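Visitor: I am new to this structure and would like a close look at one part of it. Please take the sheet, go through it strand by strand, and then place it among its surroundings.

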Amino acid sequence: MFNVFKRKSIWISMLVAAVLIGLFAFAQVGARSTVKVRHLPLALVVNDNGKDAKNIVKKLRKESHQKNAEIKWVNVTHTSELTKGFASGKYYGAVVIHSGFTQAINQQTDYLKGKIITQKLAALVVKTPMVAETAPFQQQRALANSLTKKTPEQAKISLYVSQGSNMTVANILTTALPKMTDHLNQKISNEYITVANKSGLTLSPQDWSKLQTPIHTTLIKRNKVSTKEISGMAPFLVTIFCWLGSLIASLLNWRDHSKNEQKRTDGRLSLTSVTSQLISGVAIVTAIAVSVYFFTKVCYSVPIHDPKQFLLMIGGISFVFYLLQSAVLDLLGLKGWPLLLIIWIGSMAVITFIPQMLSPFYHNYVYDITPIRFAYDLILNQMYITDASITGSSMLSLLYIGIASVIAMYASTLIKKRKKDRLA
């Protein structure tokens with residue numbers, strides 16, 4: 001019974017299991033355990049040149065200059081530029097300080113000052129009634145009336161969150177940005193309280209309500225993700241479908257072509273066989289694209305804004321995946337299968353995060369080099385982002401990968417394979 005442990009295959013199986021677990025742990029647990037927001041780019045639009053607006057901008061920028069700052073501010077001139085910035089991935093949210101910000105804060109300060117003067121004048125009249133007839137008293141009362149005549153307005157700040165750019169980041173910003181403005185509100189409100197207490201001013205609840213929230217904040221979500229879009233996971237799942245579909249199809253197609261080539265005495269793949277792989281691959285990825293569309297749009301009603309563009313893009317991405325996987329199999333045979341699994345496992349851990357959230361290691365040596373990331377970017381842009389281009393750097397990177405894969409497939413015809421490397 002225990003003789004089984006004398007077989008090498010048992011020990012190899014245990015070693016393979018340990019390696020696979022370690023690989024999954026490295027890719028999944030390792031990447032996620034080091035996730036942290038680092039220098040997240042946010043747009044800053046300042047439409048007010050007053051003192052109070054400048055003070056807030058100075059404070060925000062000072063915090064962003066710290067070594068481990070969570071936010072990196074990107075100066076933007078006009079709010080109209082935000083759509084293009086979200087589409088290009090330059091930033092994931094924005095803070096807009098509206099015109100009239102400083103004027104509103106000054107109006108609040110003047111209102112408080114007017115209330116203080118009014119209370120002091122009332123106390124003075126109680127002590128010395130005759131003073132109410134004097135010119136200085138009348139001037140002060142007129143000043144107080146002018147300062148309190150208008151109900152103070154709130155200074156306005158708008159917070160933008162590009163929900164479709166990345167749901168994890170959007171959820172963080174949806175909480176963090178209002179907290180930031182709440183902190184500003186609290187700071188200014190405390191200053192008002194300090195002034196009022198020093199002056200012995202007692203404000204009615206109605207009067208105080210006008211000053212306790214100096215800044216009015218509006219949260220605006222751009223590139224909204226609906227509940228039908230699987231809480232922002234639709235691009236990730238579509239990318240999985242493309243990779244898995246092409247992975248299985250490329251393996252089965254490679255096995256079929258390899259068996260037909262076993263009659264050759266030199267053991268090499270022929271140019272005709274590689275060409276056949278490419279032609280059959282077109283038909284295969286067409287079926288993959290139609291299947292992905294059917295199961296996402298038809299079966300589960302995931303919104304697809306441009307079905308034709310979606311089908312073409314999914315077909316193109318699946319074809320690049322097919323070419324890459326076929327090239328590895330043509331060059332290395334089944335020995336290349338673990339490499340494809342490593343690419344897949346490593347990619348799953350990082351593609352749903354933005355680069356600024358990953359540690360330098362996972363950013364530079366996993367995220368930047370995985371081909372699946374380029375496909376994910378294109379699919380996300382097509383499904384979620386308004387005015388996003390699908391012909392940018394990610395498309396170009398996939399094109400280069402596809403061309404290199406085709407070259408590698410034809411180069412494999414020059415490699416003489418050992419007999420034991422051939423399929424039985």
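Guide: What follows goes through the sheet, then the helices on it, and then the rest of the protein.

The model is a predicted one. The protein has 14 helices and 5 strands, and 44% of its 424 residues count as buried. The 5 strands form an open sheet of mixed pairing, in the order β2-β1-β3-β4-β5. At its edges stand β2 (71-76) and β5; each has a single partner strand, so one side of each has no neighbour in the sheet. Direction ignored, neighbouring strands are turned against each other by 25° on average. As a general matter, strands of a sheet pair through backbone hydrogen bonds, and the pairing is either parallel or antiparallel.

Start at the β2 edge. Strand β1 (residues 40-46) runs parallel to β2 and is joined to it by 6 bridges. One residue pair shows the register: Leu42 has Trp73 in β2 as its bridge partner.

Ala43 also belongs to β1. Its relative accessibility is 0%, below the 20% limit, so Ala43 counts as buried. Leaving aside neighbours within four places in sequence, Ala43 is in contact with Trp73, Val74, Val76, Leu82, Tyr91, Gly93, Ala94 and Val95. Ala43 can also be set against Thr77: the two are 34 residues apart in sequence, while their C-alpha atoms are 9.5 Å apart in space.

The loop between α1 (8-33) and β1 holds His39. Most residues other than glycine have a negative phi. His39 has a positive value, with phi near 50°. With a relative accessible area of 32%, His39 is partly exposed.

Next come the pairings of β4. Strand β3 (residues 93-97) pairs with β4 in the antiparallel sense, over 5 bridges. Within this pairing, Val96 has Ser158 of β4 as its bridge partner. Strand β5 (residues 215-222) runs parallel to β4, and 8 bridges join the two. Here the bridge partner of Ser162 is Arg222 in β5. As for β4 itself (residues 155-162), 7 of its 8 residues are buried, so the strand is largely enclosed by the rest of the structure.

The loop between β5 and α8 (234-260) contains Asn223. Asn223, too, has a positive phi, near 50°, and is a residue other than glycine. Its relative accessible area is 11%, and Asn223 is therefore buried.

Two helices can be placed against the strands. Helix α2 (residues 51-64) packs on the sheet and touches β1, β2, β3 and β5; its direction makes about 135° with that of β2. Helix α4 (residues 101-127) packs on the sheet as well, touching β3, β4 and β5, and its direction makes about 135° with that of β4.

Beyond the sheet, the nonpolar cores give a wider view. The largest has 91 residues, and those with the most contacts inside it are Phe101, Phe310, Ile314, Ile317 and Met383. Helix α6 (residues 167-198) supplies the largest share of this core, 10 residues. Another core, of 10 residues, lies apart from it, with Val76, Phe86, Ala94 and Tyr160 among its members. In the largest core, Phe310 is one of the residues with the most contacts. Not counting residues up to four places away in sequence, Phe310 touches Val238, Val292, Tyr293, Thr296, Ile304, Gln382 and Met383.

One pair of helices can be added to this picture. Helix α9 (residues 271-298) and helix α14 (residues 393-411) pack with their axes 9 Å apart, at an angle of about 150°. An angle over 145 degrees counts as roughly antiparallel, so that is how α9 and α14 lie to each other. Where they meet, Leu271, Val274, Thr275, Gln277 and Leu278 of α9 face Val406, Met409 and Tyr410 of α14 in contact.

Two cysteines can be noted too. Cys242 has a relative accessibility of 0% and therefore counts as buried, whereas Cys299, at 38%, is partly exposed. A search of the whole structure finds 0 disulfides.

Finally, a figure for the protein as a whole: among contacts with a separation of 6 or more, 81% are between residues 24 or more positions apart.

Methods. Residues numbered from 1 in each chain as written. Predicted model: local features only at pLDDT ≥ 70, side-chain atom pairs only at ≥ 80, totals over all residues. Heavy atoms only, no water. Buried < 20%, exposed > 50% of the residue type's maximum accessible area, 1.4 Å probe, protein only. Helix = DSSP H or I, 4+ residues; strand = E, 2+ residues; numbered from the N terminus. Pairing = 2+ DSSP bridges. Disulfide = S-S within 2.5 Å. Core = buried A, V, L, I, M, F, W, Y, C linked by side-chain atoms within 4.5 Å. Contact = heavy atoms within 4.5 Å. Axes fitted to C-alpha atoms, helices over the stretch in contact; angles between N-to-C directions. Parallel < 35°, antiparallel > 145°, perpendicular 65-115°, else oblique.
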